[in-house]
Amino acid sequence: MSIDFGSNYDYWLQQLSLSTPESLSYLNQVQDSKEAWNLAFNLLDNQNSTLKFYGAHTLFHKIARNWNQLQLEQTTELGSRIIQLIQNLNQQKLSQTGSDQLFNPTIRKLLQTLVWYQFYTFQQIEKQDFIQTTLSQFPLSDNMELAVCNELIKLDYLKLIPEEHLSAPSSLVSKSVGITDYLHKSVDNILSILQPHLIQKSLEPSQDLLFQKSLATLQSWTTFGLPIESIPNIVQLLIQQLNFKDRIFPIGKTLQEILSHPNSFKVQSTLFGILLPTLCHPSLLSFISELHQSDSDHDSVLPLCQLYVDFCETFSEMIMEKIIYENNAQVYSILEALLSFTNYPGLCPSEQTITEECLLVWVTLQDSYQTLDEDSYNRTNQVANKEGALSFFKRLLDVLLVKAQFPVEEELSDWSQNDHYIFKVFRRDVGDLFINTYYLMGSEMARYYFGQANQLINHLAQQHNNQDSWQSLESILHLILKISESMNDSIPSLPEITQFFQNQTIELLIEGQFSSIYLKQTIFKIIGEYAQYIKDNHQLLVLSISKSLSVLANNQLTQAATSAFGKLCNIARDDLVNSIGDLINTYLSIAHNITPELLDKILKGLFNILYKLYSIDSNKFQLEMERVISNLLDIIEQTIVQGKVGDFSNLTIGSPTLEASPKDLWIEQLVQRIHNLTACCNGLKPSSEFDLSELAVDTLQLPQSIMSPLCQRLYMALAECLSLVGGQEVMVEAISRLTAAGLDTDGIAVPFVFPLSSLLEMVINNYLAHPHINSYLSWFNRIVNIYGSSSNMSLKSQLFFNNNLTQEQPQAQYDDGLLAQALQKVLPAFFGIVTDLNSMEVDLDLSLSMVNLLSRFIKCDLKSILTLPAHLIDSIFMFNLTGLSVQNRFLLKAHLGLAVDLLSSHKEEDILIQKFPQVKFIRLSSLIQDQGIGKLILDKLLLGIGKDTPKSCIVNVTEVLHHLLLNCKGLANQWIRELLSQENYPTNLVDSKTKDQFVSKLLITASLKDRKKLCEMFSLSCRGYNL
């Protein structure tokens, strides 16, 4: 756009001097116009400093973005004009005081502009040395103030060159051929300019400022890439400045840049030899000690900490070798400094992050310690010196235990949710370091800290009124919790561990007056992680289980206690059988206070124990099981009543969905209660494959035709749920999983198994009321998988068959046409929704569920398919044919799988016809061959290979083609030749010769693998990829 201020130019300048949003917005709009070149210089000529800056900013924008708007002759004078502007502003600075004298943003923006100008014009003047030319424009002066200002400008300019080179677009750098080589060749000259400022030791403000600017410039060129051979000399220069405390932080940042030098590995030994004494410099170590004692601002300390961290990270192997094999005092000093940073004052990470910064490097040092090749050294003092390294790791643990402590109660009560979260993350990282250290120190570490815990517990038990002394104990328990992950169930036999895992100790930790909620959370986590150890102490096992249940009503302990309970029940269910009645009593007393999602682990744990009870006393099993399930049904029925009357108060959702309505929360709770019932079924399974032999053959429980009272009650409750919210996918899926889980309980009689007729009535009637809900089809799929005439009754019948029992394998005799009748009702409702390709892709999940259901019927109950009315079978084929053209890959692959199932059913058809001669079947193979469906399928396949099907699905298409050729034989040979003989079929990119060769090879070979290769090559030809 062109600039058109009209009569408003002065007003716009006034607004721009105030930096109003409207004026800045207009400036941004006009900066790309050609007139903006003049605007930039007009603004720079203004006396207002703000307008000058916007002029410099506009000029930078023009050069960086609109360089091509200039003619060659215009570019020649532009550089000198920019330098003149900088010189004028520099002169003006001399008359100013305050911070403006130290930093002028307009000058810096003009220097940045000058650098970009010189990048663009680098090729216009052959072999120009623009750096030296520019520096000469700011000569030395007898006027001290002018001399300092000139030096500051030169240093700013030199600092910007590598920074702008690294940030400039690659297109600019590539156009300025040779600029990178030129800058590398200029490094020595730059260093010679910086050296006088780097070695001067005057702390006079202007001289110190020149030192700081030189150091910043050095950092910039280090990032760009200093010659590796110059690094030692630079480090030597910096060492001389370490006696000045104010210069330690910037020197540390520079050394950090040197450590990250891309070629530092080439002189690693040399660099290590120079930096090691540097970081051990007495002035530096003394300064670090003062920082620790003075509790300085951690943001200013962090760069120095990072220097030591980077050094130890880079040279971790050398450091460990120096300690283990040379007992090097300087390396000890380095680790002392690192330990000091780790122990920096303040709660981490809310008050300081320095401790957190050090954690990972300690892991690196430990890994280097562990991986040293001791055999490559012949030293007599290996063991002693290794102990020296281990002593640091022991001290590190003591430091971290203090850092991982919760604060006092008063401070803790003021923590926000975010404070708790970041502290949790920090403790997790500390815990990882505990684990890593245990790998080095082993059982001695366990002995020491279990012993420390025992001493603290005894001490705290006597301090009845001290409420703030639990933090140190909890921190040690956190360590004990984490190292359990290193033990891998191989807990060492130590008296300290035995003493810790005693009834009175665990009870004291949970019930003691000194015990806080955080301490209790940790002890329950320990109970869960050491479940295998606790299992061998029956009294402690029962106590732990009982205590876990007793605290479930406390929301702050529920999660940790629930997890501990579940792990104990899973590992020790054989030992808890005799206590199941008492455990259920305790559970029933607090069940109404536990959130539904946490209840899953409790119920699964209880039913794990009941699983073992079933093989001992089935009557007692039935009694105890019904107590638990009746309680759950009471809650479900009460929740249903709430929904009916619209009373959504008193819901016990643990983690409700954000912005959910009361009714949505009610539905969520009802669904979670259904999940609770499923958890009961999931508990009635073996803990390992060896438990399968515990069940006798006569324990196989098949669904009865008459439901028990409890089963009837459950059925009615589920039916009520569906009548209220049967249009919710999540509800249907929950009930579907429950009924499937009830049939997969290793033959144990549970009230979740309904007669097939009742189950189908529930599924089909609700699907007809809600035909868009795909979960009903998934539910129907599960039923067919279990009750189909070709099904093996899932795990139940397979259990006995796989154990080679002599008794006749039980069969599911439910072939009364119920599944076929149900399918006859479902298909019309489905095909009323999915009528064509578009509706199939719109209702993607529904279509996918139907494809899977039809495949399941073919595999598990083909009889039901073959007895369908002819029009429904035709609809199935048309549905599958349409599906072979979908673009969604998941649905396409499912349809291709269904096509394989349809084409492969002829053998099963023959078996059914012989087995049921009185039944009138419609043979799928006849429809495919005699009524031309096979040719329609082949047409879809060839078009798919040629152009329609994604290349990743060609293999699946070939599999269908393979089965079609096998099952249709001569007809298929005829069809494929007829189809490929058409002009421009399947595409106009393949000629008749290629098609003939493809057909000949395809029909000759019988190998699916070879046919896949042929189809892939033919597909490439059809798509023009081999041209």
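Tutor: Buried means a relative accessible area under 20%, exposed means over 50%, and partly exposed lies in between (1.4 Å probe, protein chains only). By that rule, 53% of the 1027 residues of the chain count as buried.

Student: What kind of model is this?

Tutor: This is a predicted model, where local features need pLDDT of at least 70 and side-chain atom pairs count only at pLDDT 80 or more, while totals for chains, interfaces and linings use all residues. Residues are numbered from 1 along each chain as its sequence is written, and side-chain values use heavy atoms, without hydrogens and water.

Student: Why is Asn328 called buried?

Tutor: Its relative accessibility is 16%. The cut-off for buried is under 20%, so Asn328 qualifies. Asn328 is found in the loop between helix H18 (316-326) and helix H19 (329-342). A helix here is a DSSP run of H or I with at least four residues, a strand is a run of E with at least two, and both are numbered from the N terminus.

Student: Which residues does Asn328 touch?

Tutor: Leaving aside residues up to four places away in sequence, Asn328 touches Leu276, Lys322 and Ile323. Contact means heavy atoms within 4.5 Å.

Student: What makes Gln455 exposed?

Tutor: The relative accessible area of Gln455 is 55%. That is over 50%, so Gln455 is exposed. Gln455 sits in helix H24 (residues 443-462).

Student: What makes Glu163 and Lys159 a salt bridge?

Tutor: Their closest N and O atoms are 2.7 Å apart. The rule asks for a side-chain nitrogen of Lys or Arg within 4 Å of a carboxyl oxygen of Asp or Glu, so the pair passes. Side chains of opposite charge can pair when their charged atoms come close. Both residues lie in helix H9 (residues 144-167), 4 residues apart, about one turn of the helix. Arg108, Lys159 and Glu163 are linked in a network of salt bridges.

Student: Which class does each partner fall in, buried or partly exposed?

Tutor: Lys159 is buried at 18%. Glu163 is partly exposed at 27%.

Student: How do you know that Glu444 and Arg447 pair too?

Tutor: Their N to O distance is 3.6 Å. That lies within the salt-bridge limit, so Glu444 and Arg447 count. Both lie in helix H24, 3 residues apart. Arg447 has 31% relative accessibility and is therefore partly exposed.

Student: What does the salt bridge of Glu529 and Lys567 tie together?

Tutor: The two side chains meet at 2.7 Å, N to O. Glu529 lies in helix H28 (residues 517-529) and Lys567 in helix H31 (residues 555-576), so the pair ties together parts that are 38 residues apart in sequence. Glu529 is partly exposed at 35%. Lys567, at 31%, is also partly exposed. Over the whole model, the count comes to 23 salt bridges.

Student: Why is the patch with Asp414 called negative?

Tutor: Glu351, Glu409, Glu410, Glu411 and Asp414 gather in it. Asp and Glu count as negative, and Lys and Arg as positive, with His and the chain ends not counted. Patch residues have over 30% relative accessible area and no salt bridge; like charges are joined within 9 Å, nonpolar side chains (Val, Leu, Ile, Met, Phe, Trp, Tyr) within 5 Å. Each charge is placed at NZ of Lys, CZ of Arg, CG of Asp or CD of Glu. Asp414 is exposed, at 63%.

Student: How many helices and strands does the chain have?

Tutor: The chain comes to 53 helices and 0 strands.

Note on methods:
Accessible areas come from the Shrake-Rupley method with a 1.4 Å probe; for residues, only the protein chains shown count as cover.
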